[in-house]
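Visitor: I'd like a walk through this one, residue by residue where it helps. Could you put it on the screen?

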There are 2 protein chains.
Amino acid sequence: MSRATLRDVAKLAGVSVATASKALNGQPQVRAETRERVIRAAEQLSFSPNTLAQGLITQRSGTVGLLTSDLEGRFSIPILMGAEDAFGSDQTSVFLCDARGDTIREKHHLRALLSRRVDGLIVVGARPDTRPSLGDLPVPVVYAYAPSDDPADLSLITDNTGGGRTAVDHLIRCGRRRIAHITGDPSYSAAQDRARGAVDRLTEEGLTLAGGEVWFGMWSEAWGRGATRMLLDRCPEVDAIFAGSDEIARGVLDVLHEERIDVPSRVAVIGFDNWSVLAVNSRPPLTTIDLNLEHLGRIAAQRLSAAMDGTAASGVETFPVRLITRESTAPLR
Amino acid sequence: MSRATLRDVAKLAGVSVATASKALNGQPQVRAETRERVIRAAEQLSFSPNTLAQGLITQRSGTVGLLTSDLEGRFSIPILMGAEDAFGSDQTSVFLCDARGDTIREKHHLRALLSRRVDGLIVVGARPDTRPSLGDLPVPVVYAYAPSDDPADLSLITDNTGGGRTAVDHLIRCGRRRIAHITGDPSYSAAQDRARGAVDRLTEEGLTLAGGEVWFGMWSEAWGRGATRMLLDRCPEVDAIFAGSDEIARGVLDVLHEERIDVPSRVAVIGFDNWSVLAVNSRPPLTTIDLNLEHLGRIAAQRLSAAMDGTAASGVETFPVRLITRESTAPLR
DNA sequence: CAGCGGGCCGAAAAGGTTTTCAAGAACGGC
DNA sequence: GCCGTTCTTGAAAACCTTTTCGGCCCGCTG
């Protein structure tokens with residue numbers, strides 16, 4: 001089934017392939033009665049047009065490539081979903097390629113995609129740091145999450161600085177004044193940016209970080225626990241902790257719980273990423289910052305469509321993050 | 001760039017397209033010197049063959065569809081990675097489609113994929129229960145994770161019963177005799193199967209479940225916590241808990257920690273799924289059962305390739321799971 | 001009645017590649 | 001010198017669809 005061609009349909013309907021094509025594609029120059037007959041024939045044979053052949057003519061394959069560096073990471077997935085969503089499936093299908101962070105594998109996939117005549121490319125990095133540009137390609141490219149190092153490319157990134165600012169702002173609005181920041185690997189620009197946003201907002205308020213500095217470390221619960229212990233030691237009067245990731249926040253909560261320090265009444269805790277398995281299940285459920293990655297993916301798809309239609313953009317677009325309030329933060333009262 | 005066609009290459013090399021094609025594809029009936037010339041021309045123009053046109057002729061698009069019901073779920077991803085991995089990227093590219101658990105969206109994607117002339121289809125369910133077959137399609141299909149309800153289809157699933165058995169077996173080998181089982185939603189066949197495997201193994205040993213029954217509930221930390229409290233209440237002498245998921249196990253560990261019950265010396269805890277963010281970061285790190293999903297994905301790709309080459313299979317193949325020992329279990333001594 | 005315009009349809013080219021088949025050249029054997 | 005091989009190349013068909021353009025028929029106008 002479904003291997004019927006337009007010829008078969010035409011023959012069954014008693015017309016030429018040309019007419020059959022026009023009838024099925026809604027071209028006006030075909031009599032209503034004829035069109036009806038063709039459509040019935042097509043249904044009867046459960047005809048479905050060969051997109052390869054169509055693409056050969058129209059010079060549009062109706063496909064795009066999604067080149068990710070790290071599929072198991074939780075960041076690619078929402079972007080991918082947003083993008084897949086924005087290209088209605090009837091119009092555009094997406095080729096998924098995971099380069100596993102390997103440059104030569106990336107080259108490989110790139111060749112394959114170009115030879116498949118994709119109409120465009122979305123490149124999603126594994127971490128939000130700048131990545132090398134793919135260079136000049138015969139199709140438009142949008143970089144998402146990790147920006148390209150070439151300003152002539154179009155990159156879409158999340159506002160980590162704004163995220164840090166938002167987090168601290170929320171804590172300040174909750175009446176907190178002694179705010180600490182425990183975060184992950186300082187080699188991540190995301191860690192630096194979030195910290196900078198946090199400190200900026202504190203400074204505006206005439207405050208400084210509780211504990212005196214940003215606690216950089218690793219993106220893990222264990223670091224969250226360790227840092228919290230040290231923090232409580234050095235600065236027991238802390239009344240809010242901004243964790244650089246939900247994983248870290250889990251570690252923070254764990255130690256606070258252990259020390260019988262109530263959250264949020266004595267210490268408020270805010271995470272980052274809104275990784276729901278961690279944020280929703282914690283005790284108490286975690287207030288956190290959502291990166292809006294699905295939205296980023298949708299925008300990436302739109303920008304790519306625009307570029308495919310000739311209106312290409314370039315530069316770096318930054319997208320706002322979103323505060324998700326749950327029960328780990330509350331006004332001090 | 002890269003929009004050069006075989007005609008251009010042929011012209012540059014001073015041969016016909018036919019010869020150019022043969023030269024590039026390693027056909028024997030072309031003089032070595034000529035071949036060399038063609039290859040140089042191709043490189044010079046950075047020619048890359050139009051896969052659409054190739055597919056039109058060979059009747060093979062070199063693509064497969066990956067139809068998943070639930071991309072954000074953590075189960076699809078490893079399968080998808082395994083599959084993507086098994087099809088070398090030069091040979092086969094994969095179209096990713098997420099139906100979001102919606103049947104009409106699934107139909108939609110299916111039409112699109114067939115019209116793109118995919119050579120085969122992998123269908124990944126959201127939960128390991130039986131799902132409706134897609135019926136008779138013009139291309140081979142492999143169902144992974146969630147089996148099809150039609151025995152004429154080929155389905156690849158994980159051995160949940162064996163997993164339950166393995167978990168309990170491990171606890172028994174650790175010298176535990178009072179073993180409880182806290183698990184998730186009883187409407188999941190996975191929950192039932194794991195429980196059955198566990199009970200079977202206990203029975204062989206002449207044991208029964210501590211707490212008297214399987215504690216079915218929800219797949220959440222909160223349920224793990226609640227059930228553990230009830231369990232400790234009813235059966236304080238329990239010396240091992242088999243949790244139906246890592247999330248539940250986290251809840252279990254949490255309460256045990258709170259109650260100052262040492263893990264693993266007094267109570268051993270084993271999880272299920274090997275969801276690393278949960279299992280690795282817990283205190284202590286969690287012994288658990290790995291579903292080997294990436295392997296499942298690889299096998300799915302292989303079976304699909306075989307079917308595309310004419311040797312199709314059918315029925316349900318069950319694949320073994322794997323015990324991952326960490327520190328939440330240990331011999332009693 | 002001639003001419004014309006519009007409505008409807010089909011022939012054919014195009015898109016880029018692979019494959020078949022025939023033709024031409026070179027060459028050895030008789 | 002002729003015939004049959006072997007080696008190399010190219011012309012053309014095929015894959016399936018879209019689109020352009022010309023043709024046919026009909027009815028209408030002048």
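Visitor: Which helix gives the most to the surface near DNA strand C?
Guide: Quick ground rules: this is a predicted model, where local features need pLDDT of at least 70, side-chain atom pairs count only at pLDDT 80 or more, and totals for chains, interfaces and linings use all residues. Residues are numbered from 1 along each chain as its sequence is written, while chains are lettered from A and ligands numbered from 1 in the order in which they are written. Helices here are DSSP runs of H or I with at least four residues, strands are E runs of at least two, and both are numbered from the N terminus. With five residues, the top contributor to the surface near DNA strand C is helix 4 of chain B.

Visitor: How many residues surround DNA strand C?
Guide: A residue is near a strand if its C-beta atom, placed from the backbone, lies within 6 Å of it. The closest are A:A18, B:T5, B:L6, B:A18 and B:S21. The full count around DNA strand C is 27.

Visitor: And how many of the residues near DNA strand C are charged?
Guide: The classes go like this: Ala, Val, Leu, Ile, Met, Phe, Trp, Tyr, Cys and Pro are nonpolar, Asp, Glu, Lys and Arg are charged, and the others, Gly among them, are polar. Near DNA strand C there are 14 nonpolar and ten polar residues, and the charged ones number three.

Visitor: Over at DNA strand D, which helix gives the most?
Guide: Of the 23 residues around DNA strand D, A:T5, A:L6, A:A18, A:A53 and B:A18 come nearest. Helices 1, 2 and 4 of chain A and helices 2 and 4 of chain B each supply at least two residues there. With four residues, the biggest giver is helix 2 of chain A.

Visitor: Which strands are the edges of the open sheet 6-7-8 in chain A?
Guide: Strands pair if DSSP finds at least two bridges between them. This sheet has three strands in the order 6-7-8, with parallel pairing. Each edge strand pairs on one side only, and the two are strand 6 and strand 8 of chain A.

Visitor: What angle does helix 10 of chain A make with strand 7 of chain A?
Guide: Axes are lines fitted to C-alpha atoms, for helices over the stretch in contact, and angles run from 0 to 180 degrees between N-to-C directions. Contact means two C-beta atoms, placed from the backbone, within 7 Å. Helix 10 (residues 246–258) packs on the sheet and touches strand 6, strand 7 and strand 8, and its direction relative to strand 7 of chain A is about 150 degrees.

Visitor: Which residue is the bridge partner of A:H181 in strand 7 of chain A?
Guide: Strand 6 and strand 7 of chain A run parallel, joined by four bridges. A:H181 is buried, with A:I179 on one side of strand 6 and A:A180 and A:I182 on the other; buried means 20 or more other C-beta atoms, placed from the backbone, within 10 Å of its own. The partner of A:H181 is A:F242.

Visitor: How many residues of helix 7 of chain A are buried?
Guide: Helix 7 covers residues 160–173 and reaches 20 Å from first C-alpha to last, close to the 20 Å expected at 1.5 Å a residue, where the expected span is 1.5 Å times one less than the number of residues. Among its buried residues are A:R165, A:H170 and A:L171. Of the 14 residues in helix 7 of chain A, the buried ones number eleven.

Notes:
A residue is buried if 20 or more other C-beta atoms lie within 10 Å of its own, exposed if 12 or fewer, and partly exposed in between; C-beta atoms are placed from the backbone.
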